[in-house]
Amino acid sequence: MTQNRDLLELFKSVAARVDKREFPNVTRKSVITDLGIDSLSMMQIVGEMESELGVLIPDEDLVELVTVGDLVSKVEQRLS
């Protein structure tokens, strides 16, 4: 699905801006903490993605995010 890949690319772009480093090998299966992204950075990443896409992900949903795919799926749910 193109949207799926676009959301993954958006995550990588936003994460690079927030964390000031590149994430070239990120996949949907990548565990967020294994990428070295802490909870504060993750909240910034989610906030920027929400702003760019015009969606809102409730804070209670953020605790469920383990992988990049979890975040992409939440965003997909909000976009549909």
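This is a chat about a predicted model of a protein chain, its overall build and some of its charged residues.

Colleague: New to this one. What does the secondary structure come to?

Modeller: Four helices and zero strands for the protein chain. Read along the sequence, that gives the pattern α-α-α-α. Keep in mind that the model is predicted.

Colleague: And how does the radius of gyration sit with a compact globule?

Modeller: It agrees: a compact globule with 80 residues would have a radius of gyration near 12 Å, and the protein chain has 11 Å. The C-alpha trace spans about 30 × 25 × 20 Å along its principal axes.

Colleague: How much of the chain is buried?

Modeller: Buried residues make up 45% of the 80 residues. The accessible surface comes to about 4,800 Å², with 51% of that belonging to carbon and sulfur atoms.

Colleague: Switching to E50. Where does it lie, and is it buried or exposed?

Modeller: E50 lies in helix 2, residues 39-53. It counts as buried because its relative accessible area is 15%, and the cut-off for buried is under 20%.

Colleague: Which side chain of opposite charge is nearest to E50?

Modeller: That's R78, 7.6 Å away, and E50 has no salt bridge. A salt bridge needs the nitrogen and the carboxyl oxygen within 4 Å.

Colleague: What does E50 touch, then?

Modeller: Leaving out residues up to four places away in sequence, E50 touches V55, L56 and I57. With I57 there's a polar atom of the E50 side chain 2.6 Å from the backbone nitrogen of I57. Also, V75 is 25 residues from E50 in sequence, while their C-alpha atoms are 8.2 Å apart in space.

Colleague: OK, salt bridges in general. How many does the structure hold?

Modeller: Seven. One of them pairs R17 with E52, the closest N and O atoms being 2.7 Å apart. R17 is in helix 1 (residues 2-19) and E52 in helix 2, so this pair ties together parts that are 35 residues apart in sequence.

Colleague: Are R17 and E52 buried or exposed?

Modeller: In between: R17 is partly exposed at 42% relative accessible area, and E52 is partly exposed at 46%.

Colleague: You mentioned R78 earlier. Which residue does R78 form a salt bridge with at 3.5 Å?

Modeller: D61, with 3.5 Å between the closest N and O atoms. The pair links distant parts of the chain, with D61 in helix 3 (residues 59-62) and R78 in helix 4 (residues 68-79), 17 residues apart. D61 counts as buried at 13% relative accessibility, whereas R78 counts as partly exposed at 40%.

Colleague: Which residues are linked with them in a network?

Modeller: E64 and K74 join D61 and R78 in a network of salt bridges.

Conventions: Residues are numbered from 1 along each chain as its sequence is written. This is a predicted model: local features need pLDDT of at least 70, side-chain atom pairs count only at pLDDT 80 or more; totals for chains, interfaces and linings use all residues. Side-chain values use heavy atoms; hydrogens and water are left out. Helices (H or I, at least four residues) and strands (E, at least two) are DSSP runs, numbered from the N terminus. Buried means under 20% relative accessible area, exposed over 50%, partly exposed in between (1.4 Å probe, protein chains only). Lys and Arg count as positive and Asp and Glu as negative; His and the chain ends are not counted. A polar contact is a pair of N or O atoms within 3.5 Å; within protein, one must be able to donate a hydrogen and the other to accept it, and residues adjacent in sequence count only if both atoms are side-chain atoms. Contact means heavy atoms within 4.5 Å. The radius of gyration is taken over C-alpha atoms; the globule rule is 2.2 Å times the number of residues to the power 0.38. Accessible areas come from the Shrake-Rupley method with a 1.4 Å probe; for residues, only the protein chains shown count as cover.
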